[in-house]
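Work through the exercises below with the structure open. Each task is followed by a solution in steps.

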Amino acid sequence: MAILKTALCDVLDIEHPIIQAGMGWDSRGSTTPPKLVAAVSNGGGLGVIGGSPLQPEFIRERIRATRELTDRPFGVDITLPRLAQTPYADVGNVREFLEHTHPDHVAFVRDAIEEFGLETQGPDPWSKVKTPDMVQRQLDVILEEGVRVLAVGLGDTKEVVPLAHERGMKVLALCGNVKQAVGHAANGVDVIIAQGYEAGGHTGRIANFPLIPQVVDAVRPTPVVVAGGIADGRGLAAALSLGAVGVWCGTVFLASAESEIHADYKSQLIQGRTEDFVLDRYPSGKPSRHYRSPVIRKWEESGLQALEMPFQGVLNDQFRVAAESGERVDVMSVPGGQIAGLLGEKDVRPAAEIVETMVRQAAEVLKAAADLTAGD
């Protein structure tokens with residue numbers, strides 16, 4: 001197998017400069033199950049548990065289950081967002097709260113459930129409303145379990161970096177612009193992940209080609225990893241050419257054999273075109289890229305503005321539970337990046353094979369580029 005070693009490999013104690021994104025858009029953890037995280041780590045990359053929507057004790061279970069499958073480094077990703085004030089942590093209570101404060105939005109969800117032939121269900125027992133207390137308890141579990149890497153997908157890293165470093169953990173943090181990157185570097189983050197507009201899930205509004213060189217220059221010598229628009233070795237080679245030391249990939253691993261997302265969601269990724277993955281606030285209240293499904297088109301046509309996090313997520317969770325109960329997840333959306341347009345049935349393969357192929361292709365691309373200057 002080709003060898004492609006960068007500074008990222010030394011920082012994280014991994015063989016290949018490839019990180020599987022800590023995707024966490026469902027409360028059951030189907031996007032990054034232990035077998036996927038372990039498969040990436042065992043394949044020489046870094047697997048990351050998507051912990052953001054998971055209840056704290058479920059994060060603990062996932063960490064321990066992953067340890068049973070690998071002795072290689074892996075991480076956990078959580079978000080530390082600013083949240084709108086909610087008087088409740090229980091989903092049912094928040095639903096009642098929204099009935100009084102945002103009746104038009106509640107009516108929209110009720111009408112959508114009826115239009116798609118679904119039935120209203122009670123709150124998903126797996127789900128809890130994201131509150132500052134829940135975020136703190138998630139962080140406490142991760143620190144207690146002593147995972148090797150903490151990834152912060154959204155939010156301020158000032159307070160968490162020293163806590164993680166005290167336990168010998170490395171901290172990765174995502175950014176969507178230079179200002180955020182500089183802030184993370186000042187906070188002592190070990191690796192900054194610059195995520196472009198192309199990326200799936202929560203993302204920013206600057207594309208990777210202008211973003212990456214600016215971030216690399218602004219935070220040097222802190223290593224930079226690229227996220228967004230990468231699913232093969234050409235993307236990895238491009239990232240390295242822009243001055244980064246590795247890549248953070250999500251969409252391609254959602255399509256992998258070890259991913260446990262619903263078959264209809266995988267079909268959206270594999271059959272969807274690049275233009276089918278849109279950026280808006282409708283899934284969670286924060287800017288997010290996802291498949292433009294029937295329910296998203298209905299939100300767009302409604303003229304309603306998305307509510308702030310966590311309220312918008314509660315609304316969509318109500319529709320999701322109804323769709324799952326009615327075996328109609330096809331009307332919901334999977335988060336995914338614009339690179340999904342490159343994927344096909346061939347990409348439903350083991351995660352370790354994805355890592356191996358990406359490294360081999362990148363090595364070939366970089367060698368071919370070097371040959372272009374061989375005569376100088």
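Helices here are DSSP runs of H or I with at least four residues, and strands are E runs of at least two, both numbered from the N terminus. The model is a predicted one.

**Exercise 1. Find the residue that follows helix 2 and state the sign of its phi.**

Step 1. The residues of helix 2 are 34-42.
Step 2. Gly44 follows helix 2.
Step 3. The phi of Gly44 is positive, near 105 degrees.

**Exercise 2. Lay out the open sheet of eight strands: give the strand order and the sense of pairing, then find the edges.**

Step 1. The order of the eight strands is 1-9-8-6-5-4-3-2, and the pairing is parallel.
Step 2. The edges are strand 1 (18-20) and strand 2 (47-50); each has a single partner strand, so one side of each has no neighbour in the sheet.
Step 3. From one strand to the next, the twist averages 25 degrees.
Step 4. Helix 2 packs on this sheet, where it touches strand 1, strand 2 and strand 3 (74-80). The direction of helix 2 makes about 160 degrees with that of strand 2.
Step 5. Helix 6 (residues 132-145) lies across strand 3 and strand 4, at about 165 degrees to strand 3.

**Exercise 3. Trace the pairing of strand 4 with strand 5 and of strand 2 with strand 3.**

Step 1. Strand 4 covers residues 149-155 and strand 5 covers residues 170-175; four bridges pair them in the parallel sense.
Step 2. Val149 has Lys170 of strand 5 as its bridge partner, and Ala151 has Leu172.
Step 3. Strand 2 and strand 3 also run parallel, joined by four bridges. Among the partners, Gly47 is matched with Phe74 in strand 3.

**Exercise 4. Decide how far strand 2, strand 5 and helix 2 are covered.**

Step 1. The cut-off: a residue is buried when its relative accessible area is under 20%.
Step 2. In a regular strand, side chains alternate between the two faces of the sheet.
Step 3. On one side of strand 2, Gly47 and Ile49 are buried; on the other, Val48 and Gly50 are buried, so both faces are covered.
Step 4. Strand 5 is mostly covered, with five of its six residues buried.
Step 5. In helix 2, seven of the nine residues are buried, so the helix is largely enclosed by the rest of the structure. They are Pro34, Leu36, Val37, Ala38, Ala39, Val40 and Ser41.
Step 6. The cover over these residues includes strand 1, strand 2, helix 3 (56-67), strand 3, helix 11 (251-254) and helix 15 (351-371).

**Exercise 5. Describe the largest pocket by volume, central residues and lining.**

Step 1. The volume is about 710 Å³.
Step 2. The lining has 26 residues, and the closest to the centre are Leu154, Gly155, Leu174, Gly176 and Gln180.
Step 3. Strand 4, strand 5 and helix 8 (178-186) each supply at least two lining residues. Helix 8 gives the most, with four.
Step 4. By class, the lining holds seven nonpolar, 13 polar and six charged residues.

**Exercise 6. Do the same for the second largest pocket.**

Step 1. The space in this pocket is about 310 Å³.
Step 2. Of its 13 lining residues, Leu80, Val135, Gln136, Asp156 and Glu159 are the closest to the centre.
Step 3. Helix 6 and helix 7 (160-166) each supply at least two residues of the lining, and the largest share, four residues, comes from helix 6.
Step 4. The lining divides into eight nonpolar, one polar and four charged residues.

**Exercise 7. Place Asp133 in the model: in which helix does Asp133 lie, and how far is its C-alpha atom from that of Arg360?**

Step 1. Asp133 lies in helix 6.
Step 2. Asp133 has a relative accessible area of 49% and is partly exposed.
Step 3. Asp133 and Arg360 are 227 residues apart along the chain, and 44 Å separates their C-alpha atoms.

**Exercise 8. Describe the open sheet of three strands.**

Step 1. The order is 7-11-10, with antiparallel pairing.
Step 2. Strand 7 (201-202) and strand 10 (277-280) stand at the edges; each has a single partner strand, so one side of each lacks a neighbour in the sheet.
Step 3. Strand 10 and strand 11 (residues 288-291) are joined by four bridges, and Val278 has His290 in strand 11 as its bridge partner.
Step 4. Helix 13 (residues 294-302) lies across strand 10 and strand 11, at about 40 degrees to strand 10.

Key: Residues numbered from 1 in each chain as written. Predicted model: local features only at pLDDT ≥ 70, side-chain atom pairs only at ≥ 80, totals over all residues. Heavy atoms only, no water. Pairing = 2+ DSSP bridges. Axes fitted to C-alpha atoms, helices over the stretch in contact; angles between N-to-C directions. Contact = heavy atoms within 4.5 Å. 1 Å grid on protein atoms, 1.4 Å probe; cavity = no way out; pocket = protein on both sides within 12 Å on 5 of 7 lines; lining within 4 Å. Points joined across faces, edges and corners; volume = space filled by probe spheres on them. Nonpolar A, V, L, I, M, F, W, Y, C, P; charged D, E, K, R; others polar. Buried < 20%, exposed > 50% of the residue type's maximum accessible area, 1.4 Å probe, protein only.
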